[in-house]
Each structure stands twice: as C-alpha cells, then as structure tokens.
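Please work through the exercises below with the sequence and the model open side by side. Each task is followed by a solution that goes step by step.

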Amino acid sequence: MTALTVRDLHVRLGGRLVLHDVDLDISPGDFVGLVGPNGAGKTTLLRSVLGLVRPSGGTILAGGEPVAKVRDKVGYVPQRHEFAWDFPISVEDAVLSGRVRRIGWLRRAGVPDYRAVKQALERVGMTPLRRRPVGQLSGGQRQRVLVARALALNPSVLLLDEPFTGLDVPTQELLTDLFAELSREGQAVLMTTHDLAAAMHTCTRLCLINRTVIAEGPPDRLRDAEVWRAAFGIRPGSPLLAALGVA
Ligand SMILES: Nc1ncnc2c1ncn2[C@@H]1O[C@H](COP(=O)(O)OP(=O)(O)OP(=O)(O)O)[C@@H](O)[C@H]1O
C-alpha cells in the first residue's frame with residue numbers, strides 16, 4: 001500500500017490555478033525530492049496534504065485513508081522562518097509540541113510522549129541542548145529541533161519544506177543521512193529542495209513539478225535534458241544541465 005497518494009489534485013489560490021492534475025504515489029521507504037522553480041507549487045502541495053490549503057478538487061490519502069482522518073500519520077518540517085522562535089520555550093517543549101495532535105490540546109503529556117521526545121532529540125543530536133530556550137539556538141540547531149518535532153509524532157509520512165536552506169555542510173550531511181536512514185527504516189519522505197545536484201545524489205526518486213507533475217522517477221531515469229528544460233525553463237546548453245549530468 002502507498003504511504004501517500006495524491007490523485008487529480010487541483011488547488012486555486014487568490015483566484016489562480018496554482019496546481020492542476022497532480023498525481024503522485026509515495027511508497028514506504030521512498031525518499032522523494034520535490035523539485036521545481038520558484039512558484040511551481042511545491043509548498044502548496046505540502047500544505048494541501050496537511051490540510052492547511054483546501055484543494056478545489058482531487059483526493060489525498062495517507063496509508064489508504066483520507067488524510068484529514070489520519071493527520072497524525074503525517075509529520076511536517078516547515079521552513080525555519082515559519083516557527084515562532086521568540087516564544088519562551090525550551091528545545092524539549094518545542095519538540096513535545098509536535099505531539100499535540102496525538103496528545104490532544106486538553107490532556108497532559110504522558111510517558112510515551114516524553115519517550116518519543118527523547119528519541120527524537122537523540123536522532124538529531126540535540127539531547128545536550130534540550131533545556132536551552134529555542135530563541136538562543138543557531139539556524140542549524142533550529143532546523144534540527146524542527147526535524148525532531150516532526151519525528152516525535154512517529155509519522156509514516158515525513159514532509160520537509162526546504163530543510164537545507166542556510167545550513168552549513170556538516171548539518172546538511174547530518175540531516176541528509178538522517179532522512180536517508182528514515183526512508184530505509186520504511187518511512188516515506190517527501191522533501192522540497194532547490195539543491196538539484198544533492199537531490200539527484202541522495203533521493204531515491206525525484207518529482208519535477210511546475211504547477212503539475214512534469215516527470216517523476218528514480219534520478220537515473222531522469223537523464224533527459226528536455227524534461228528538466230520543461231520543468232525549469234532552462235535554456236539549451238545551460239551549464240546547469242551539465243552539472244546535473246543530463247546534458
Ligand atoms: N495564500 C496565497 N494566495 C494566493 N496565491 C498564493 C498563496 N500562496 C501561494 N500563492 C501562489 O501560489 C504559487 C505557488 O506557490 P508555492 O509557495 O507553492 O511555490 P513553491 O514552488 O513552493 O515556490 P518557492 O520555490 O519559491 O518556495 C505562487 O505563484 C504563489 O504566488
């Protein structure tokens with residue numbers, strides 16, 4: 001069974017058709033890079049899965065069920081600037097807040113919740129900083145907190161919105177290794193990124209999108225320069241195509 005199924009998705013925002021005819025299947029263990037130019041609708045696709053945007057048509061299933069019924073199967077790492085870093089909470093509490101959908105707003109966190117937080121902090125290497133206020137963290141540390149916050153839910157689908165923006169190479173490597181490991185453990189990972197070369201190298205599949213899916217499949221099967229030109233409007237002979245090994 002697929003972990004995430006998107007069928008015939010259409011999204012209108014501000015009276016404009018931002019996404020149309022989007023079909024996508026992601027299986028457990030897939031590490032999918034969602035790539036496309038600025039304004040292609042990548043974030044809108046993630047937000048549709050999360051129910052933050054209401055599609056004008058189509059269906060989205062997680063593990064075969066309408067995603068609206070199983071939101072706690074979906075973990076989400078937003079872009080860093082979307083989180084309220086000036087809120088006076090510790091790293092540990094920020095990660096715990098990722099479990100709110102499972103705990104419920106009115107209940108207290110219990111042993112399984114604290115255990116999940118502890119494991120998530122360990123996976124991103126943030127245990128030593130668990131009591132630090134989130135406002136005192138560097139960009140890379142903040143990104144690791146956001147990843148831990150999503151992992152604390154033990155999701156079967158993990159959505160990542162440009163997780164590498166502004167990160168140094170060691171932090172990018174740490175997170176890339178973690179995402180690859182999660183996918184090997186059976187999680188379905190869908191990541192938007194503008195780092196095409198890294199996506200070609202690390203993702204098991206790529207989905208090229210520009211308001212609709214232009215092409216998708218394992219990176220080795222996407223060596224056709226025309227496909228990249230159609231998605232990104234890259235000019236023929238562009239060095240970018242050579243850098244991607246698709247010239
Ligand atoms: N709330 C909104 N109201 C109207 N239009 C919107 C809204 N949010 C996004 N859009 C438009 O939808 C289109 C897709 O935006 P989206 O943020 O999904 O693209 P993206 O592929 O994630 O882009 P980027 O790579 O620049 O982050 C853009 O043209 C954007 O201007």
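**Exercise 1: Strand 6 and its partner**

Task: determine which way the residues of strand 6 point, and which strand pairs with strand 6.

Solution: In strand 6 (residues 74-77), Val74 and Tyr76 point one way while Gly75 and Val77 point the other way, and all are buried; here a residue is buried if 20 or more other C-beta atoms, placed from the backbone, lie within 10 Å of its own. Strands are DSSP runs (E, at least two residues) and helices are DSSP runs of H or I with at least four residues, both numbered from the N terminus. This is a predicted model, in which local features need pLDDT of at least 70 and side-chain atom pairs count only at pLDDT 80 or more, whereas totals for chains, interfaces and linings use all residues. Residues are numbered from 1 along each chain as its sequence is written. In the next step, strand 6 is found to pair with strand 7 (residues 157-161) in the parallel sense over four bridges, where two strands pair if DSSP finds at least two bridges between them. Within this pairing, Val74 stands opposite Val157.

**Exercise 2: Around strand 9**

Task: describe how strand 9 is covered, and find its pairings with strand 3 and strand 10.

Solution: Five of the five residues of strand 9 (residues 205-209) are buried. Arg205, Cys207 and Ile209 point one way, and Leu206 and Leu208 the other way. In a regular strand the side chains alternate between the two faces of the sheet. Strand 3 (residues 31-35) pairs with strand 9 in the parallel sense over four bridges, and Val35 stands opposite Leu208 there. Strand 10 (residues 213-217), by contrast, pairs with strand 9 in the antiparallel sense, also over four bridges, with Gly217 as the bridge partner of Leu206. The hairpin of strand 9 and strand 10 has three residues between the strands, and Arg211 takes a positive phi near 70° in this hairpin.

**Exercise 3: The open sheet**

Task: establish the strand order of the four-stranded open sheet and identify the strands at its edges.

Solution: The four strands follow the order 2-1-4-5, with antiparallel pairing. Strand 2 (16-26) and strand 5 (65-66) stand at the edges with a single partner strand each, so one side of each is left without a neighbour in the sheet. Strand 1 (residues 4-13) and strand 4 (residues 57-62) pair over five bridges in the antiparallel sense, and His10 stands opposite Gly57 of strand 4.

Conventions: Buried ≥ 20, exposed ≤ 12 C-beta atoms within 10 Å, placed from the backbone.
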